[in-house]
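Trainee: Could we go through this structure together, one question at a time?
Mentor: Gladly; please keep the sequence and the coordinates open while we talk.

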Amino acid sequence: MCGIVGYVGNKDCTRVLLDSLSKLEYRGYDSAGIAVFENSKIKISKTKGRLASLEQKLKREGWINGCCGIGHTRWATHGEPSDVNSHPHASARVSIVHNGIIENYQKIKSFLENNGYEFESQTDTETVAKLLDFYFDGDPIKAIRQTISEIEGSYALGIMFSEFPDTIYAVRKDSPLIVGIGENEAFIASDVPAILKYTRNYYLLEHDEIVVLKDGKAGVFDKHGVHIEKELHTADWDMEAAEKGGYAHFMLKEINEQPTAVKTTISPRITDGMPDLSECGMTKERLAGYRSIYVVACGTAMHAGLVGKYVIEQLARVPVTVDVASEFRYRNPILSAEDLVIVVSQSGETADTLEALRLSKRIGAQTLAIVNVKGSSIAREADMVIYTHAGPEISVASTKAYMVQIAVFYLIAFELAYAKEAITEEECRRLTAALNGIPEIISVVLQQAEQCKYIASKLINAGNLLYIGRGLDYALSMEGSLKLKEISYIHSESYAAGELKHGTISLVTNGMPVVAVATQRELFDKTVSNVKEVKARGATVIFVTHAYKTVESDVADFKIALPTVDDILMPIPAVVPLQLIAYYTSVLKGNDVDKPRNLAKSVTVE
Ligand code: M6R
């Protein structure tokens, strides 16, 4: 949801800003722009379209030469993607880039218009640029403090005052911002990958702290203007982790990274063959005390929660409710101190999930976050946090993050089931050992990429698809369907296989592709019956099941054969072909796989 960067140092600032923005383009790619001090004057270049268009424009119209500047890549919220709505936005003396939403911008705009300011864009951001100008009386920090005391909503702002050349100011509330510290150079950025080419050291900025970047250094001040010392963090992601590394797309790279991601995530949480979540404060005693569990998340992270629900309920017999965060927030949930709310988020910045977490804490429930990005807002605000160690996920379509989220849910389920005495120690050890062996199983399934590509070639002309399954397979179908539609733009629905005949089967016509997932052996025959119902109505069936299961031609047109593991662990191998089918369908349709239309990776607005 927009990426912002800033740089002060000795390098070609325009080059640094473009490089850094290229690592944030996953956050939005409607337009891009930079503002750089050239000979102590602010020069702006911005354009609708991708970062590549901005670079072409700069080469065509003249590179901006300087050592200090700010940059932006946009996901439009207020005003269509256009040159004029692109950031930076400026007033007479101030230029800014912004990530977030200013909720009271109309009121501020009217106030400023009454004070003689004119606006050229439809954005909320321009009001902040003008309000800063209104309050600026020669003291930038004072103007920033007055401005942030009036604006409501979320913001990470990079600010330049024309009267303070080669200096950048930045401030944040509810939108992420880090401060990179290099050798005689300093940065601001929405996310760590933007700075990795230059440094791995960074500060986390707290709400309403103001950072000043000047002479290659960064100074941080609290809201009273008092200088504060910050803890220096070191990123454990290296630059290669944020590069494609020879793969055609980040999504394919990330699908292939899943065995390692799972291994890195679960290994440190297994002690003497037993799950061990004590690192985050989750003891056996604490687990035993929970009455019920809520999982709250969005999109793919919510789908991981659905797998978690099945697994926890099946093994631990503890009731689990899974909620879409944007619904949970407004439905006055019934929670108590005996409930555990698990929020799941790759980015750790998803606005609805963050607010759901805050609401749960206010009500008094205990909160646990499963998060990939270290130091993100959700990770910092939850009572307990389990970091998934997937490394940076750049592709908008989430794959490896989902995989490690469900791996963590297995650990929680095993430990909870043991704590509740719903399974024996022996069974807990057996399940943990099976999970430990899962990375090799994923590697085996990855070898089916060519078959998935062939199946994808049969889907590219489809207008509609169905994904069906029962139990855990239904949860998985939801993820398969989301993956396909977000990157291939083919409409698809996921349905509980047994529910089809209550209405949706009327959509099935000759040749309609139906992806059926049948990995749960107890439900296998029932799913096969449902598949026969769609097959009898002309559907082309792609059947995902165990390799050893024989599937007749009246059931499936294509079979995807999975290695057999415990039924409860089958979502792990089964999701891989669904990811690969979505990926290749998108590739074969010629879509921009990593940056699908209308989407952004990190959804920091409601
Ligand atoms: O960063 P989060 O995990 O909180 O993001 C949640 C969703 O926005 C995300 O999973 C989204 O659904 C993905 N594009 C799905 O591939």
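**The ligand and the space around it**

Mentor: In this predicted model, a backbone N or O atom of Val396 lies 3.1 Å from a nitrogen atom of the ligand, and that contact is a good place to begin.

Trainee: Which residue has a polar side-chain atom that lies 2.8 Å from an oxygen atom of the ligand?
Mentor: Two contacts involve an oxygen atom of the ligand, and they have to be told apart by the part of the residue that takes part. In one, the ligand oxygen is 3.1 Å from a polar atom of Thr300, but that atom belongs to the backbone. The side-chain contact, at 2.8 Å, is made by Lys483.

Trainee: How much of the ligand's accessible area does the protein cover?
Mentor: The reference is the ligand taken on its own, which has 410 Å² of accessible area. Of that area, the share covered by the protein is 90%.

Trainee: Which element gives the most residues to the shell around the ligand?
Mentor: The shell holds 13 residues, with Ser345, Gln346, Ser347, Thr350 and Glu486 coming nearest, and by class it divides into four nonpolar, seven polar and two charged. Helices H9 and H17 each supply at least two residues of this shell. The element that gives the most, with three residues, is H9.

Trainee: Where does the ligand sit, and what is the volume of the largest pocket?
Mentor: The ligand sits in the largest pocket, whose lining is made up of 27 residues, with Cys298, Gly299, Thr300, Lys601 and Val603 nearest the centre. Among the elements that give two or more residues to this lining are helix H9 (299-316), strand E20 (339-345) and helix H17 (472-488), and H9 gives the most, with three residues. The volume of the largest pocket is about 580 Å³.

Trainee: How many charged residues are in the lining of the largest cavity?
Mentor: The structure holds three cavities of 30 Å³ or more, and the largest cavity has a volume of about 230 Å³. Its lining has 25 residues, and those nearest the centre are Ser190, Asp191, Ser347, Glu349 and Val373; Ser347 is also one of the residues that come nearest the ligand. By class, this lining has twelve nonpolar residues and six polar ones, and the number of charged residues is seven.

Trainee: Turning to the backbone, which peptide bond is cis, with omega near 0 degrees?
Mentor: Most residues other than glycine have a negative phi, and most peptide bonds are trans. The place to look is the loop between strand E4 (68-74) and strand E5 (89-90), where Pro88 is found. The cis bond runs from His87 to Pro88.

Trainee: And what is phi of the residue Asp215?
Mentor: Asp215 lies in the loop between strand E12 (210-214) and strand E13 (217-221). Its phi is a positive value in a residue other than glycine, and lies near 50 degrees.

Terms used. Residues are numbered from 1 along each chain as its sequence is written. This is a predicted model: local features need pLDDT of at least 70, side-chain atom pairs count only at pLDDT 80 or more; totals for chains, interfaces and linings use all residues. Side-chain values use heavy atoms; hydrogens and water are left out. On a 1 Å grid over the protein atoms alone, a cavity is a set of points where a 1.4 Å probe fits but cannot get out, and a pocket is an open set with protein on both sides within 12 Å along at least five of seven lines; lining residues have an atom within 4 Å of a point. Grid points are joined across faces, edges and corners, and a volume is the space filled by probe spheres set on the points. Helices (H or I, at least four residues) and strands (E, at least two) are DSSP runs, numbered from the N terminus. A residue is near a molecule or strand if one of its heavy atoms lies within 4 Å of it. A polar contact is a pair of N or O atoms within 3.5 Å; within protein, one must be able to donate a hydrogen and the other to accept it, and residues adjacent in sequence count only if both atoms are side-chain atoms. Accessible areas come from the Shrake-Rupley method with a 1.4 Å probe; for residues, only the protein chains shown count as cover. A molecule sits in a cavity or pocket if more than half of its atoms lie within 2 Å of its grid points. Ala, Val, Leu, Ile, Met, Phe, Trp, Tyr, Cys and Pro count as nonpolar, Asp, Glu, Lys and Arg as charged, and the others, Gly among them, as polar.
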